[in-house]
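Biologist: Before we use labels such as buried or oblique, I would like to hear how each one is earned. Please show the model, and then we can go through them.

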Amino acid sequence: MKISVQGHELYAYTGGKEFNPAQPTAVFIHGVLNDHSVWILQTRYMAHHGWNVLAIDLPGHCKSEGTPPQSVEQAADTVIALLNALKIEKAALIGHSFGSLIALEATAREAAAHPGRVSQLVMVGTAYPMAVSPALLDLSVSAPFKAIDMVNSFSHSTLAPPPSALGPGTWLYGGSKALMRRVLASNTQVNVFHTGFKACDSYSGAEAAMPKVTCPTLFVLGNADQMTPPKAAQSLIDLCQKSKVVKLPAGHSLMTEAPEGVLQALKDFLKPLA
């Protein structure tokens, strides 16, 4: 599904279902060098169990036109513009890593502008600050394939996922590296790797945004996450008004390493709207 957002076509995967205004809506936001496909199991399930699913490609990524967001704040503007474009009055926002900060910022803004519009917030593999080492920032420009290898080493705690994720025998490292290379190649004008990392590293608004969030908030964290260790989310958890924390036996790529665990956490948390 393509939607005109901020003057450009924004792609959203819908799980194979038509958008139904009578159903609740969940917006899924990916992390750096990812796209909508990282949510494949969770979005497919929800789309066939009473939800509108909008798993977006961020602007300038893969199937979405426009300029890649230079900051968390710019990306949050896009998410809000998407809700406006489809006249969505209530939605759950679900983000992973960079996407979790985007979801947080958008939720905080809407809490002031349109109270109740964001019904639930889910932050997967999150941390604050989401600092990126200077060496990795430099490598994302000078040697991006080397940086992709490094990120994948830190993002996974196992070689293969359970069969429910991507099929038996899937190689998580290889699949993730192929995805990241494809996302990087999807924009020949802007290095979306460096741009995304820089946006994560530069974001300083989470501690101001979190107390503004009035809706229930779920933190889904990986016990073996080396990119955003669970302890790095504690400052946000402490500031959250209505928090729930689920920790799973996985690294940073929770949606493929612990697909059933992430799905079950979403099902339990979003159940009141189902």
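Modeller: Buried means under 20% relative accessible area, exposed means over 50%, and partly exposed is what lies in between. The model is a predicted one.

Biologist: What makes Lys177 partly exposed?

Modeller: Its relative accessible area is 25%. The cut-offs are 20% and 50%, so Lys177 counts as partly exposed. Lys177 is found in helix α7, residues 172–185. Leaving out residues up to four places away in sequence, Lys177 touches Ile148, Asp149 and Asn152.

Biologist: Which residues of α7 are buried, and what covers them?

Modeller: The buried residues of α7 are Leu172, Tyr173, Gly174, Ser176, Leu179, Met180, Val183 and Leu184. Their cover includes α5, α6 (163–166), α8 (192–202) and α11 (254–257).

Biologist: Why is His36 called buried?

Modeller: The relative accessible area of His36 is 12%. Buried means under 20%, so His36 is buried. His36 sits in the loop between β3 (25–29) and α1 (40–47). Not counting residues up to four places away in sequence, His36 touches Tyr11, Tyr13, His30, Ala55, Ile56 and Asp57.

Biologist: How do α4 and α5 cross, and why is α4 called oblique to α5?

Modeller: The axes of α4 (residues 134–142) and α5 (residues 144–155) come within 6 Å and cross at roughly 135°. Angles over 145 count as roughly antiparallel and 65 to 115 as roughly perpendicular, and the crossing angle falls in neither class. Therefore α4 is oblique to α5. On the α4 side the contact is made by Leu136, Leu139, Ser140, Val141 and Ser142, and on the α5 side by Pro144, Lys146, Ala147, Met150 and Val151. Seven residues of this contact are nonpolar, two are polar and one is charged.

Biologist: How do you know that the buried residues of α12 are on the same side of the helix?

Modeller: The buried residues of α12 are Pro259, Val262, Leu263, Ala265, Leu266, Phe269 and Leu270. They cover an arc of only 160° around the axis, so they lie on the same side of α12. In general, an α-helix has 3.6 residues a turn, so residues three or four places apart point the same way.

Biologist: What span is expected for α12, and what does the helix reach?

Modeller: Helix α12 (residues 259–270) has twelve residues. At 1.5 Å a residue, 16 Å is expected, and α12 reaches 16 Å from its first C-alpha to its last. For α7, with 14 residues, the reach is 20 Å, close to the 20 Å expected.

Notes:
Residues numbered from 1 in each chain as written. Predicted model: local features only at pLDDT ≥ 70, side-chain atom pairs only at ≥ 80, totals over all residues. Heavy atoms only, no water. Axes fitted to C-alpha atoms, helices over the stretch in contact; angles between N-to-C directions. Helix = DSSP H or I, 4+ residues; strand = E, 2+ residues; numbered from the N terminus. Parallel < 35°, antiparallel > 145°, perpendicular 65-115°, else oblique. Contact = heavy atoms within 4.5 Å. Nonpolar A, V, L, I, M, F, W, Y, C, P; charged D, E, K, R; others polar. Expected span 1.5 Å × (residues − 1). Buried < 20%, exposed > 50% of the residue type's maximum accessible area, 1.4 Å probe, protein only. Arc of directions from axis to C-beta.
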